[in-house]
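Subject: Structure for you to look at

Dear colleague,

Here is the structure I promised to pass on, and my notes follow below it. Please read them with the model open beside you.

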Amino acid sequence: VQAQGKDVRTVEGLADGEKLHPLQQAFWENHGLQCGFCTPGFLMLAVGVLEAEPDIGDEELKHVLSSNLCRCTGYQNIVKAVRAAAAEMKKRAK
Amino acid sequence: VKYIGASPKRLEDRTLLLGRGQFAADLKAPGQLHMRVCRSSVSHGKILGIDTGEARRHPGVVAVWTYEDVKHVPPIGIRLTKVGGLEPYQQTNLAKDYVRYVGDPVAVVFAEDPYAAEDAAELVRLEVDELPAKVSPLDAPEAALIEKSYGDLAAAFAGAHAVVELEVAIGRHTGVPMETRGALADFDPASGILTMRGAAKVPHYNRDQVARMLDLPGDMVHLIQGHVGGGFGVRGELYPEDVLVCQAALRLKRPVKWVEDRFEHLLAANHSRDQVHRLRAAVDARGFVLGLEAEIYTDQGGYIRTHGVTVSDLACAMLPGPYVIPAYRARAHVRLTNKTPCGTYRAPGRYESTFARERLMDAIAARLKLDPIEVRRVNLIPPERMPFDRGTDTLGTHVVFDSGNYALLLQKLLKKIDYESLKDELQRRRKSGEKVGFGLAMFVEKSGLGPADKAVITLHADGTVEIVTGAASLGQGIETVMAQICAEELDLPIERMRVVHGRTDRIDHGSGAFASRVTVMTGCAVQAAAQALKEKLKTEKPPVSAEGWFRATHMNYPYGVHAAVVRVDEATSGIVVERFMVACDIGRAVNPMLVEGQLSGGAVQGIGGALLEEFLYDEAGQPLATTFADYLMPTCAEVPRIEVLLTEDAPSPLNPLGVKGAGEGGINAAGAAIAAAVDAALGRPGAVARLPITPRRLHRITLSQTTEGKP
């Protein structure tokens, strides 16, 4: 089992109780989801990369986000939301 | 406060963002069984025998069914088409005597857990006498011939300055929602009610079908939708698997759950597109089309499913698009092959016919050495001719364009992108050796299909508002939009509103969500109910309920322009879409943010269909695209920023809100615009005659250019 003995974070643990994580908030404000099926995957992908690389560039971010598929949004607002969340997360980290 | 025209955050989102969505796979019922479908691995053959013995003996297996067990259940009916005579081609719920495509269900296994069901399904032995496969619509048997015509075609050709002919083809695509299909059926002996969860798109219609097929009274069957992970025309049609879980819940007296995997989805859910268009146009010296003749060949696959021949019908009805074209005849040949059966996919019949028509416009321009945009201008229906009788019919309605100023939208788009300087810039880049090009395509969409929608709104004593609709959600944001329309009338915040949809147990009438109809039809029913409620509140105290209806005998017609800038890399035969623009007029946008979301999402699907997506088959009818490694869809790395120009110049006179649908304008002309841009980049008008323009096809195009150039 690959994840044996490892911590696993899922979307259910992303918010602080009922208070949305900045990424969740940014997806909400930027219309980063339609049907919502791919959303947990994109949220967890993005939170991982933004925590590891808060200053990630646009091209690099697109490259990372291209590992997940979305069929509704055309990715436009997903990228926008992750960018907005990155700024907010950096602000909070200060 | 104005709610219509504002872009509030969606009511739907919190639950989904918190990971609390309830999709089909999340459904559970105590004691549930799991269904697994055994599918044919042969594309065409006579069934000699199905040995289920070993599967039955597998631990955990409760039952294994073949056609013999379901033969008393009639096939799923055909909706939305007037074309008759299709019954012989319907699909039985499990294959009878013959298999007709790879993926055709031949048996089902019911077991205590999904693993046992899947393992046992592999033990079912199907013995088939293989027959030759039909894999091209050009030499396959014809299930239906559709013909639509108007005007004097002979006179048009007799007086022609030139005749332009063209053959183009559009690949086999489908919607591919991120959530695969799934359902949970449960029969309650106490009430006698059969409930199927996991419904989508058209729950009321499907409720009636399930009741008819299983011989139950309509009010003893409930279809209920939870969250639905995308639809695009594919999800929520009634499929054999839906009927099988319902039948099993009744007969096995336990809840039955079914969730397909992606491999099954790509084999079993409806395919779409896959048409060949042969066009012949009589034109005058300005490029004005005097008459147009079209022969269309649709690769329908192995059976006729719920959509009948709707896609081909729509292609014939909508092919003339935004142009005057005074004489027209289209004939669509719906041909049966040994491939997955077809249904609709976002902008069905229009993605295809727009590609053909707009390729024709470019071909006319090339032939007469005119500017492609100028040729379009010459042909556009002028605003003073609105409403414009298109002279065709489809979906039981006469096609009459209700409103529109096509030339104005074209002008606005060219201004927005600063077309003159863009042209200069591309010219400069081409001179320096880059293969870049600009292409543009125009279209008319259709939306707001009737006949009727109902809504019931209740203002509760605690100040909350419940809006019960017969619509369905596929993720498009209908809760927010219905709440905005209601809020506009009642002047209450949308956060106080709860929108019910996709539940046959909550409202007796519903038409669901397809054909870009919800904002128009359900939206106007909600407006009517809210107005009735406001009236009642003058004399009554909450809780107060009111009902509203909206009826329509005609569809309405959004329209738009797509434009693309592409760069071709001849060394790799790769195509980069540098810019993509969608201009669309939908009369009135209830929520511009959601409309832009629809248009952008559609555009990216359209780019996928233009460059990447295709179900190919070999000569034996074996599918070559059965995973996401073969059926390529755009990721965020392949798509540019989608530049959207949303206009409200032509409100629909057919409904009190003035709205038209926004679901399909984003995808409609994407293939056509990209093809034109690739032509321009290569400097070879008419080079692209087939979608998708895969690297292999582009390579072939550039190769033919090199050899042509040599003595």
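**Buried residues in chain B**

Leaving out residues up to four places away in sequence, B:Q300 touches B:R172, B:R305, B:G308, B:V334, B:R335, B:L336, B:T340, B:P341 and B:C342. Please keep in mind throughout that this is a predicted model. B:Q300 itself belongs to strand β14 of chain B, which covers residues 289-301, and with a relative accessibility of 3% B:Q300 counts as buried, because the cut-off for that word is under 20%. If you would like a distance to check on your screen, the C-alpha atoms of B:Q300 and B:D274 are separated by 8.0 Å, although the two residues stand 26 residues apart along the chain.

A second residue to look at is B:L360, which is placed in helix α10 of chain B, residues 350-368, and which is buried, with a relative accessible area of 2%. Setting aside the neighbours within four places in sequence, B:L360 is in contact with B:V164, B:L166, B:L279, B:A281 and B:L292. From B:L360 to B:A249 the C-alpha to C-alpha distance is 53 Å, and in sequence these two residues are 111 residues apart.

The third is B:S652, and here the setting is a loop, namely the one between β25 (642-647) and α17 (670-682) of chain B. Is B:S652 buried or exposed? At 4% relative accessibility B:S652 counts as buried, since buried means under 20%. A polar atom of the side chain of B:S652 lies 3.1 Å from the backbone nitrogen of B:L654. Not counting residues up to four places away in sequence, B:S652 touches B:D402, B:S403, B:N556, B:G587, B:G658, B:V659 and B:K660.

**Backbone points to check in chain B**

Two peptide bonds deserve a look when you go through the backbone. The bond joining B:G450 and B:P451 is cis, with omega at about 5°, and B:P451 is placed in the loop between β18 (436-444) and β19 (452-459) of chain B. The peptide bond from B:L691 to B:P692 is cis as well, with omega near -5°, and B:P692 is found in the loop between β26 (690-691) and α18 (695-709) of chain B.

Then there are two phi angles. For B:R273, phi is near 60°, which is a positive value in a residue other than glycine; B:R273 is found in strand β13 of chain B, residues 272-283, and is buried, with a relative accessible area of 2%. For B:A347, phi is near 60°, again a positive value in a residue other than glycine, but the place of B:A347 is in the loop between β15 (328-336) and α10 of chain B. At 0% relative accessibility, B:A347 counts as buried.

**Helix packing in chain A**

In chain A, I looked at how helix α2 meets α1 and α3. Helix α1 (residues 22-29) of chain A packs against α2(A) at an angle of about 130°, and their axes are 10 Å apart. The two helices are therefore oblique to each other, and α1(A) passes α2(A) in a right-handed crossing. On the side of α1(A) the residues involved are A:L23, A:Q24 and A:F27, and they meet A:T39, A:F42, A:L43, A:A46 and A:V47 in α2(A). By type, the residues of this contact divide into six nonpolar, two polar and no charged.

Helix α2 (residues 39-52) of chain A also packs with helix α3 (residues 58-65) of chain A, at an angle of about 140° and with the axes 10 Å apart. That angle makes α2(A) oblique to α3(A), because the word roughly antiparallel is kept for angles over 145 degrees. The crossing of α2(A) and α3(A) is right-handed. Which residues make the contact between α2(A) and α3(A)? From α2(A) they are A:F42, A:L45 and A:V49, and from α3(A) they are A:L61, A:V64 and A:L65. The residues of this contact divide into six nonpolar, no polar and no charged. You will find A:F42 listed for the contact of α2(A) with α1(A) and for the contact of α2(A) with α3(A).

With best wishes

Key:
Residues numbered from 1 in each chain as written. Chains lettered and ligands numbered in written order. Predicted model: local features only at pLDDT ≥ 70, side-chain atom pairs only at ≥ 80, totals over all residues. Heavy atoms only, no water. Helix = DSSP H or I, 4+ residues; strand = E, 2+ residues; numbered from the N terminus. Buried < 20%, exposed > 50% of the residue type's maximum accessible area, 1.4 Å probe, protein only. Polar contact = N/O pair within 3.5 Å; in protein donor to acceptor, adjacent residues only side chain to side chain. Contact = heavy atoms within 4.5 Å. Axes fitted to C-alpha atoms, helices over the stretch in contact; angles between N-to-C directions. Parallel < 35°, antiparallel > 145°, perpendicular 65-115°, else oblique. Left-handed = near helix turned anticlockwise from the far one by under 90°. Nonpolar A, V, L, I, M, F, W, Y, C, P; charged D, E, K, R; others polar.
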